[in-house]
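Hi,

Here is the structure I said I would pass on. Have a look at it first, and my notes on what turned up follow below.

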Amino acid sequence: MTGVPASAGGTGRPAPGGKLGAAAVNQASLWNIANILTMVRLVLVPGFVMLMLQDGGYDPAWRAWAWAAFAVAMITDIFDGHLARTYNLVTDFGKIADPIADKAIMAAGLICLSALGDLPWWVTGVILFRELGITLMRFWVIRHGIIPASRGGKVKTLAQGTAVGMYVLALTGPLATLRFWVMALAVVLTVLTGLDYVRQAIVLRRRGLAAERAAAEDAAAEEARDAR
């Protein structure tokens with residue numbers, strides 16, 4: 001998570017005695033390791049889709065390769081966020097590309113699974129609607145502050161990634177049953193954490209507007225005193 005967006009729950013901090021040193025941290029460029037991992041994740045999206053849909057999308061071997069691409073993308077999501085927070089490798093590119101990469105790989109997996117008939121479209125719709133809605137909501141309140149990532153949101157992301165990964169694999173028997181329940185958990189967490197983000201956004205916006213009104217009133221009072 002190169003840009004360390006609000007969904008990452010951090011603004012970035014330099015690591016005391018970090019290996020890169022203060023100079024490297026302060027001179028974070030576009031081509032830092034965290035950004036490169038984000039770029040890799042973006043490149044993996046079309047690669048994953050091609051692997052997923054090979055031979056009609058039902059060949060177990062191709063599905064295994066698609067799962068590997070999906071797994072690598074999810075792992076890079078973890079590592080680039082860790083690197084960005086540890087070494088403060090925050091760039092404008094990362095702030096934009098990271099959330100796009102996060103949403104793109106998950107959306108690609110869900111849409112492919114639904115298109116192949118492995119996953120109901122309503123599940124894909126619920127998850128994508130929530131992710132897009134929360135992203136837009138963050139922009140709606142961004143001038144008032146940042147909504148930090150909650151523990152539930154992180155568990156939700158883990159559940160979604162695990163569930164989609166299990167559906168990508170051609171599982172049978174008890175594992176096929178297990179993936180259903182993992183996806184059910186992911187959907188429940190998606191809805192619950194989405195509602196919590198909505199609550200936080202409303203509270204944050206109300207507080208921000210109240211602070212702006214208070215500041216305007218103080219400024220008006222100061223002007224009135226100066227005019228006397």
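Asp102 and Arg41 are both buried, and their side chains meet in a salt bridge with an N to O distance of 2.8 Å. That pair links distant parts of the chain: Asp102 sits in helix α4, Arg41 in helix α2, and their positions lie 61 residues apart in sequence. Before you read on, please bear in mind that this is a predicted model.

Arg41 has another partner too. Asp77 forms a salt bridge with Arg41, the closest N and O atoms being 3.8 Å apart. Asp77 belongs to helix α3 (residues 60-87) and Arg41 to helix α2, so this pair ties together parts that are 36 residues apart in sequence. How buried are the two? Arg41 counts as buried because its relative accessibility is 1%, under the 20% cut-off. Asp77, with a relative accessible area of 9%, is buried as well.

One more pair to look at is in α5: the side chains of Glu131 and Arg130 meet in a salt bridge at 3.4 Å, N to O. Glu131 has a relative accessible area of 10% and is therefore buried; Arg130, at 9% relative accessibility, also counts as buried. As for shared partners, salt bridges join Arg41, Asp77 and Asp102 into one network. A search of the whole structure finds six salt bridges.

Now the overall layout. The chain has seven helices and zero strands, so to speak a plain α-α-α-α-α-α-α pattern when read along the sequence. Of its 228 residues, 41% count as buried.

Helix α2 is where I spent most of my time. This helix (residues 33-53) has 21 residues and reaches 31 Å from its first C-alpha to its last, close to the 30 Å expected at 1.5 Å a residue. Even with that span, α2 has a kink of about 30 degrees at Leu44, shortly before the proline Pro46. At the start of the helix, a side-chain oxygen of Asn32 reaches to within 3.0 Å of the backbone nitrogen of Ala34.

Which residues of α2 are buried? They are Ala34, Asn35, Leu37, Thr38, Met39, Arg41, Leu44, Val45, Phe48 and Met52. Note that the kink residue Leu44 and the salt-bridge residue Arg41 are both in that list. Val49 is in α2 as well, but at 25% relative accessibility it counts as partly exposed. The C-alpha atom of Val49 is separated by 7.2 Å from that of Cys112, although the two residues are 63 apart along the chain.

What follows α2? The helix is followed by Asp55, whose phi is positive, near 55 degrees. Asp55 is not a glycine, and most residues other than glycine have a negative phi. Asp55 is in the loop between α2 and α3, and at 56% relative accessibility it counts as exposed.

On the surface, there is a nonpolar patch made of Leu30, Trp31, Ile33, Ile36, Val40, Leu42, Phe93, Ile96 and Ile100, with about 790 Å² of accessible area together. The elements that give two or more residues to the patch are α2 and α4 (92-115). Of these, α2 gives the most, with four residues. Leu30 comes from the loop between α1 (21-26) and α2, and at 38% relative accessibility it counts as partly exposed.

Last, helix α5 (residues 121-141). At 1.5 Å a residue, its 21 residues should span 30 Å, and its end C-alpha atoms are 30 Å apart, which agrees. The buried residues of α5 are Val123, Thr124, Ile127, Arg130, Glu131, Ile134, Met137, Arg138 and Val141. The salt-bridge pair Arg130 and Glu131 from above is in that list.

To pull the main thread together: Arg41 in α2 pairs with Asp77 and with Asp102, and the three form one network.

Cheers

Methods. Residues are numbered from 1 along each chain as its sequence is written. This is a predicted model: local features need pLDDT of at least 70, side-chain atom pairs count only at pLDDT 80 or more; totals for chains, interfaces and linings use all residues. Side-chain values use heavy atoms; hydrogens and water are left out. The expected span of a helix is 1.5 Å times one less than its number of residues. The bend at a residue is the angle between axes fitted to the seven residues ending there and the seven starting there. Buried means under 20% relative accessible area, exposed over 50%, partly exposed in between (1.4 Å probe, protein chains only). A polar contact is a pair of N or O atoms within 3.5 Å; within protein, one must be able to donate a hydrogen and the other to accept it, and residues adjacent in sequence count only if both atoms are side-chain atoms. Patches are made of residues with over 30% relative accessible area and no salt bridge: like charges are joined within 9 Å, nonpolar side chains (Val, Leu, Ile, Met, Phe, Trp, Tyr) within 5 Å. Accessible areas come from the Shrake-Rupley method with a 1.4 Å probe; for residues, only the protein chains shown count as cover. A salt bridge is a side-chain nitrogen of Lys or Arg within 4 Å of a carboxyl oxygen of Asp or Glu.
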